[in-house]
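The following exercises are to be worked through with the sequence and the model at hand. Each task is followed by a solution in steps.

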Amino acid sequence: MSRRACVTGHPVAHSRSPLLHGYWLKAQGIDGTYGREDVPPETAADFYRTLAARGYVGCNVTVPNKEIAFSVLDEAEPSAAALGAANTLWLDGGRLIGANTDGDGFLANLDAEAPGWDRQRRLALVLGAGGAARAIVHALAARGFGRIAIVNRTRGRAEALAAPYPGCAGAHGFDEADALLAEADLLVNCTSLGMKGAPPLALNLAALRAEAVVTDIVYVPLRTPLLQAAAARDLRTVDGLGMLLHQGVGGFAHWFGVRPQVTQELRDLIIADLAAKGQLEA
Ligand code: ATR
């Protein structure tokens, strides 16, 4: 029987995951489907508990359901347990297993697009303290960054995010960003600033070292004002699309039994979709 998976969240209409997994299914010649299900948080726990009865072998979970999905798992992989949030679910003998592939997707994207980006791991400057920032701080700590500075508008959220990493992560306000930029080897935007429809991220990159790498998890637009400002300074930049592509690899492997590749052809397919919708530039 054809294996079925889907992306779940609320809203979910904008998700590029069906395009991504549809490409891999076709490329691998697999008899399977990957759709989308709009699942509001009120019904999410029930939805994930009844995944098998709905005919699914697994699913992706996006905002705002990652914590809810985690709470109904029969077994959490360490990646999900560390964050209390799951973005990838699959069934194993009727048991619901969950992982969080956001951190691995983030690292794999940088490894592929900016080889050597982690040669210097003195200070990573992370802007934002939401769910995405949580996954990325965890990944950067695992990769061995000596210091992770979390800059956020709401100080308390940055403090909560930094707390599990004493001696490594610290909380800061935007007023401290300039001083931190001068020391940073990596700058990551995990806020929604710069996203289409949101205000731009007002940050002067003048203080960044010439060797610093700048990356944004926002990929609509693909070339965010932050990445454009970094490119204008000839800094190495990595856009957020690759994180989406790489985070999908683990789920596909669990659902369909093949570990797919992130290729330039796949990137071009999604970029063509962004271009068709006028989402390449800010
Ligand atoms: P996600 O789970 O996708 O990371 P989120 O939890 O809504 O999303 O987090 C969004 C991030 O963008 C937060 O760090 C948020 O800052 P606050 O914690 O202060 O809310 C940040 N953000 C959103 N709009 C912002 C704005 N206008 N100015 C500064 N930061 C903003």
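**Exercise 1. Unusual backbone geometry**

Task: Where is Pro64 placed, and which peptide bond joins Val63 and Pro64?

Solution. Step 1: Pro64 is found in the loop between β3 (58-61) and α3 (66-71); helices (H or I, at least four residues) and strands (E, at least two) are DSSP runs, numbered from the N terminus. Step 2: Val63 and Pro64 are joined by a cis peptide bond, with omega about 5 degrees. Step 3: A cis peptide bond also joins Val220 and Pro221, with omega about 5 degrees, and Pro221 sits in the loop between β11 (213-216) and α9 (225-232). Step 4: Asp234, in the loop between α9 and β12 (236-238), has a positive phi of about 65 degrees although it is not a glycine.

The basis of these values should be kept in mind. The model is predicted, with local features requiring pLDDT of at least 70 and side-chain atom pairs pLDDT 80 or more, while totals for chains, interfaces and linings use all residues. Residues are numbered from 1 along each chain as its sequence is written, and side-chain values use heavy atoms, without hydrogens and water.

**Exercise 2. The two domains**

Task: Describe how domain 1 and domain 2 meet.

Solution. Step 1: Domain 1 comprises 3-101 + 248-276 and domain 2 comprises 104-242, the bounds coming from an automatic or database domain assignment. Step 2: Their centres, taken over C-alpha atoms, are 25 Å apart. Step 3: In contact (heavy atoms within 4.5 Å) are 9 residues of domain 1 and 12 residues of domain 2. Step 4: About 950 Å² is buried between the domains, 59% of it on carbon and sulfur atoms; buried area is the accessible area (1.4 Å probe) that two parts lose on being put together, summed over both. Step 5: Within domain 1, Leu83, Arg267 and Leu274 lose the most area to domain 2, together 52% of what that side buries.

**Exercise 3. Salt bridges**

Task: How many salt bridges does the rule give, and which residue pairs with Lys66?

Solution. Step 1: The rule asks for a side-chain nitrogen of Lys or Arg within 4 Å of a carboxyl oxygen of Asp or Glu. Step 2: The count comes to 15 salt bridges. Step 3: Lys66 pairs with Asp102, the closest N and O atoms being 2.8 Å apart. Step 4: Since Lys66 lies in helix α3 and Asp102 in helix α5 (residues 102-113), the pair ties together parts that are 36 residues apart in sequence. Step 5: Between domain 1 and domain 2 the count is 2 salt bridges. Step 6: Arg134 forms a salt bridge with Glu67, with 3.2 Å between the closest N and O atoms.

**Exercise 4. The ligand site**

Task: Which residues surround the ligand?

Solution. Step 1: The surrounding residues include Gly128, Asn152, Arg153, Thr154 and Leu193, where near means that a heavy atom of the residue lies within 4 Å. Step 2: A polar backbone atom of Ala129 is 2.9 Å from an oxygen atom of the ligand. Step 3: From Arg157, a polar side-chain atom lies 2.9 Å from an oxygen atom of the ligand. Step 4: A backbone N or O atom of Ser192 lies 3.3 Å from an oxygen atom of the ligand.

Technical notes: A polar contact is a pair of N or O atoms within 3.5 Å; within protein, one must be able to donate a hydrogen and the other to accept it, and residues adjacent in sequence count only if both atoms are side-chain atoms.
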